[in-house]
Amino acid sequence: MQNPDTIHESFSALDNDYERLSLRAIEIENHLHQAINQHAFTMVYQPIVESYSETMVALEALVRWRWKPNEFLSPSEFIPIAEAAGLILPLSQWILKTACIEFAAFQDEHQAPLYLSVNISPSELMANDFVEQVINACDIAKLSYNRIQLEITEHALLNDFDGAVIQLRRLHDKGVRIAIDDFGTGHSSLQYLHKLPVDVVKIDQTFIRNIHQSAELNADIQGIIALSHELGKLITAEGIETFEQAEFLRKENINTGQGWYYGKPMDIKTLLLKTSDLHFM
Ligand code: C2E
Ligand code: CA
Ligand code: CA
């Protein structure tokens with residue numbers, strides 16, 4: 001049996017961890033208020049390439065925040081805090097508009113038509129005016145609705161699945177493409193594929209990281225790919241870091257890939273400069 005003193009020590013370590021985490025969350029939330037008012041964010045864009053030709057076909061917009069002079073904070077950390085603090089809507093609107101405007105300028109310089117893929121947070125999807133916000137952002141940037149892809153996570157669908165279906169159908173009917181992000185990490189993945197107007201399945205990075213780790217894990221990815229193809233969905237694999245991963249996925253006939261192997265997220269100016277000398281463009 002565990003010594004009561006050891007149990008007590010473990011609990012106080014937990015308490016300390018909790019306290020440290022919540023103090024950090026409070027500090028981030030305090031900074032967020034000001035950052036949103038001052039538009040202290042920037043956007044970067046990561047190429048999504050066709051798997052067999054390695055041609056760039058889309059860009060995923062990712063937000064960046066330099067919250068201290070020499071420190072960027074990961075969106076994985078501040079987006080959930082903005083969501084919990086009720087600050088996500090103004091931030092999301094800024095992201096959508098900025099991404100559409102910057103992308104439209106890039107598209108003007110780039111010959112082949114691309115998609116702009118934007119991450120949508122749970123509250124954003126549930127907002128009454130979500131459809132109008134997307135349409136408005138496209139209109140301001142003079143971007144056709146059929147050049148936009150929205151990335152929705154399974155997590156965003158948990159609160160009000162039927163409401164989400166209605167919003168997404170309205171946008172889909174206008175030509176907007178819908179992608180399920182981080183696919184395979186939730187519990188009801190199949191249900192989403194059947195009931196939502198989904199065009200693209202984005203296989204989560206954890207699956208890609210485990211390619212060649214075991215025959216069983218490879219079979220998991222092959223299962224997701226086969227199922228998605230059977231349902232007529234396009235497949236994007238994210239987090240591709242090595243040639244071996246890219247090759248494996250190409251042979252499995254995924255449609256598009258994304259990851260450091262093809263290109264890291266870049267600001268739009270750098271992307272424009274690199275367009276001519278990156279092998280995938
Ligand atoms: P996500 O949507 O799954 O985005 C992919 C993340 O993987 C990005 O991290 C990207 O920089 C990173 N990544 C891309 N290729 C590789 C690779 O080869 N290896 C590894 N290890 N990582 C790779 P990032 O930009 O830090 O974003 C993290 C998460 O924060 C995103 O995950 C998304 O959930 C959220 N996020 C980022 N930008 C936005 C945004 O504009 N709006 C919303 N609502 N969420 C965002
Ligand atoms: Ca994403
Ligand atoms: Ca993802």
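This is a chat about the calcium sites and the domain contact in a predicted model.

Trainee: Start with the metals. Which residues coordinate the calcium ion (ligand 2)?

Mentor: Glu60 (OE), Asn119 (OD1), Glu151 (OE) and Asp181 (OD) do, at 2.1 to 2.4 Å. Keep in mind that this is a predicted model.

Trainee: How are those donors spaced along the chain?

Mentor: The pattern is E-x58-N-x31-E-x29-D. Glu60 sits in strand β2 (residues 56–68) and Glu151 in strand β5 (residues 148–153), so this pair ties together parts that are 91 residues apart in sequence.

Trainee: Are Glu60 and Glu151 buried or exposed?

Mentor: Both Glu60 and Glu151 are buried.

Trainee: And the calcium ion (ligand 3), what are its protein donors?

Mentor: Asp181 (OD), Asp182 (OD) and Glu238, which appears twice through OE. They lie 2.1 to 2.7 Å from the ion.

Trainee: What is the sequence spacing there?

Mentor: D-D-x55-E for the calcium ion (ligand 3). Asp181 is in strand β6 (residues 177–183), and Glu238 is in the loop between β8 (234–237) and α10 (243–251), so these two tie together parts 57 residues apart in sequence.

Trainee: Asp181 came up again. How far apart are the calcium ion (ligand 2) and the calcium ion (ligand 3), and which residue coordinates both?

Mentor: The two ions are 3.9 Å apart, and Asp181 coordinates both. Asp181 is buried, as is Glu238.

Trainee: New topic. Where are the domain bounds?

Mentor: Domain 1 covers 1–38 and domain 2 covers 40–274. Their C-alpha centres lie 31 Å apart.

Trainee: How many residues does each domain put into the contact?

Mentor: Domain 1 gives 11 residues and domain 2 gives 15 residues.

Trainee: What area do domain 1 and domain 2 bury between them?

Mentor: About 1,200 Å², with 75% of it on carbon and sulfur atoms. On the domain 1 side, Ile28, Leu32 and Ile36 lose the most area to domain 2. Together they make up 44% of what that side buries.

Trainee: What about charge? How many salt bridges cross the interface of domain 1 and domain 2?

Mentor: Two. Polar contacts between domain 1 and domain 2 come to four residue pairs, both residues at pLDDT 80 or more.

Trainee: One last pair. What do the side chains of Glu27 and Lys68 form?

Mentor: A salt bridge, at 3.0 Å from N to O. Glu27 falls within the bounds of domain 1 (1–38), and Lys68 within those of domain 2 (40–274).

Conventions: Residues are numbered from 1 along each chain as its sequence is written. Chains are lettered from A and ligands numbered from 1 in the order in which they are written. This is a predicted model: local features need pLDDT of at least 70, side-chain atom pairs count only at pLDDT 80 or more; totals for chains, interfaces and linings use all residues. Side-chain values use heavy atoms; hydrogens and water are left out. Donors are N, O and S atoms within 2.8 Å of the metal (3.2 Å for Na, K and Ca); water is not among the atoms, so sites may look incomplete. Helices (H or I, at least four residues) and strands (E, at least two) are DSSP runs, numbered from the N terminus. Buried means under 20% relative accessible area, exposed over 50%, partly exposed in between (1.4 Å probe, protein chains only). Domain bounds come from an automatic or database domain assignment. Contact means heavy atoms within 4.5 Å. Buried area is the accessible area (1.4 Å probe) that two parts lose on being put together, summed over both. A salt bridge is a side-chain nitrogen of Lys or Arg within 4 Å of a carboxyl oxygen of Asp or Glu. A polar contact is a pair of N or O atoms within 3.5 Å; within protein, one must be able to donate a hydrogen and the other to accept it, and residues adjacent in sequence count only if both atoms are side-chain atoms.
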